[in-house]
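Visitor: Please show me the model. I would like to ask how its labels are earned.

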Amino acid sequence: MREYDVVIIGAGLGGLECASILGRHGLKVAVLEKHFQLGGCLQSFRRSGALFDAGFHYVGGLDEGRPLHRLFKYFGLLDLPWVKLDSDCSDEIVLNGKSYPLAGDHQRFVEQLSKMFPTQTDNLKKYNEALSYVGEHIFDALRPESAAGFFQNEAFSSSAWEFLERTIADPVLRNVLSGSSLKLELKKETLPFYVFAQINNSFIEGSYRLQGGGETLVNRLVKNVETMGVEVFTKSEVSRLEVAEGRIIAAHTTDGGVFAADHFISNIHPAASISLLGEDSGVRKAYRNRIMRLENTYGMFTVNIKLKPNTLPYLNKNIFIYTTDDVWQANKTAFETNTPVIDSLMVSFPPSQSGFAEVVDLLTPMPFSLVEKWSGTNVGRRDAEYEKIKEEWSEACICMAEKQMPGLRLAIDRVYTSTPLTYLNYTGTSQGTAYGIRKDFNNTMLTFLPPKTPVANYYLTGQNLNLHGILGTSMSSFITCSAILGFEKATEGLL
Ligand SMILES: Cc1cc2nc3c(=O)[nH]c(=O)nc-3n(C[C@H](O)[C@H](O)[C@H](O)COP(=O)(O)OP(=O)(O)OC[C@H]3O[C@@H](n4cnc5c(N)ncnc54)[C@H](O)[C@@H]3O)c2cc1C
């Protein structure tokens, strides 16, 4: 049996960042990762010599003075080869064939859209101010004096859609402002203004891609934590947590490993985290059921395309394409009928220095129910029916992208696809959800989970807590470590 101060389950961004915060305070930390590769949704992979990213494509809020800049400075990630996207148009929104730019700078953001919607200038300023305000207060979630009432704040308990309807009179502009929101899940009935504002605001405050993809970030984090003495184990799937007298005493892995510690942090989905506890853990049935019933945001279907050399120009922006009059209802038919009638698509390019793109990624939401029946089967060994679904969805995505990028089809060398089931297999995320549990402004107490669980020395971290994405997960790492180290110590060097 090995002994530690803290054992962390899962080496996604959240697990590795918690290891970094705790490691620098001299705690003896072990990170247990079930996969042979580290990073979870930040994994990169190679096919036919090309590098692809499983999930992560770009980050927001990395301009100096902005929240992610501060967080990445703390984690020693600022000197990685970040590539800033076009400040005048980091995200291009295409609505039924017409293009609109979303700038990566607050002033330019309002100026650019005012030119296209001259009657909406004042409304755009109000929108911009409201988002900036929420963004400026992101670190309030950490401060004990404000954190106590933080989740009662109106930004959490109010609707994103109602804010848009109230603030922006022009329905087309509402669509444009929501257009880069394939980075969250637009759902009128549940999406809190806080999530909409934090995510969208961050991408107005400096959007960046990373040369070498997610793997570059993961490798740096692992190198940094190992320097602190943290031990990182791959192929170490935690299968159960042993409890005695209301506390976890050890994590057991499928290969027979036993890891004892004073504290245990779970970087995996809350439902999976609770499933690791047996009936003897003292966790009440009501809590267990509540966590098990939490709904997930959608998963993604991804088409990773390796291009023939020097065929398609590299674009230093993302393109979000819609063929619907209501962005908030995008892919409704696909979800209702389980058919590839897609009407929303994200197009992203990993950085390239040659002027030509080497790779292009196409992403669209996909219902998990479509692929669920293959859950018990292995990647690469699924039947012809599964392959046919992937082919049909891939074709629908390429057709949609081709209209915006003529020449795309001729430029294709190889195509690789993944469904939410692929994400489930590689990252263990429940139902292959892209952004974790669905936050609900009607039910903030239940959907914005705290890091503490009913088991005294068991904590949650990662995208399922406060906010998803790279920014949200990084925030959660500090929220979780504050519960163990105390606020002052955990945020030393950050605030
Ligand atoms: C398709 C897609 C695109 C995205 N694009 C972006 C983007 O462009 N920008 C952005 O900011 N965010 C993006 N995100 C979201 C972002 O990647 C995630 O919010 C973030 O990486 C989540 O990190 P995490 O640490 O919470 O969890 P995860 O990355 O899910 O890590 C959990 C880890 O736990 C491991 N694990 C699971 N079960 C066990 C077990 N029993 N024992 C041991 N280990 C276990 C898993 O293998 C995994 O490594 C995207 C996500 C997806 C899916």
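**Labels and their grounds**

Guide: Start at the ligand, and keep in mind that this model is predicted. Helix H1 (13–23), strand S14 (299–307), helix H16 (420–427) and helix H18 (469–485) each supply at least two residues of the shell around the ligand.

Visitor: How many residues surround the ligand, and which are the closest?

Guide: The count is 38 residues. The closest are Gly10, Gly12, Gly40, Gly428 and Gly462.

Visitor: How does the shell around the ligand divide by class?

Guide: There are 17 nonpolar, 18 polar and three charged residues. Gly counts as polar here.

Visitor: Why is H4 called roughly perpendicular to H9?

Guide: The axes of helix H4 (residues 121–136) and helix H9 (residues 193–204) cross at roughly 90°. Angles of 65 to 115 degrees count as roughly perpendicular, so the label fits H4 and H9. The two axes also come within 8 Å.

Visitor: Which residues in H4 and H9 meet?

Guide: From H4 come Ala130, Leu131, Ser132, Val134 and Gly135. From H9 come Tyr194, Ala197, Gln198, Asn200, Asn201 and Ser202. This contact of H4 with H9 holds five nonpolar, six polar and no charged residues.

Visitor: What makes S6 and S9 a pair?

Guide: A pair needs at least two bridges. Three bridges join S6 to strand S9 (residues 207–210), so S6 and S9 pair. These strands run antiparallel. Val83 stands opposite Arg209 in S9.

Visitor: Why do S5 and S6 stand at the edges?

Guide: The open sheet of three strands has the order S5-S9-S6. Strand S5 (59–60) and strand S6 (82–84) each have a single partner strand, so one side of each lacks a neighbour in the sheet.

Key
Residues numbered from 1 in each chain as written. Predicted model: local features only at pLDDT ≥ 70, side-chain atom pairs only at ≥ 80, totals over all residues. Near = placed C-beta within 6 Å. Helix = DSSP H or I, 4+ residues; strand = E, 2+ residues; numbered from the N terminus. Axes fitted to C-alpha atoms, helices over the stretch in contact; angles between N-to-C directions. Parallel < 35°, antiparallel > 145°, perpendicular 65-115°, else oblique. Contact = placed C-beta atoms within 7 Å.
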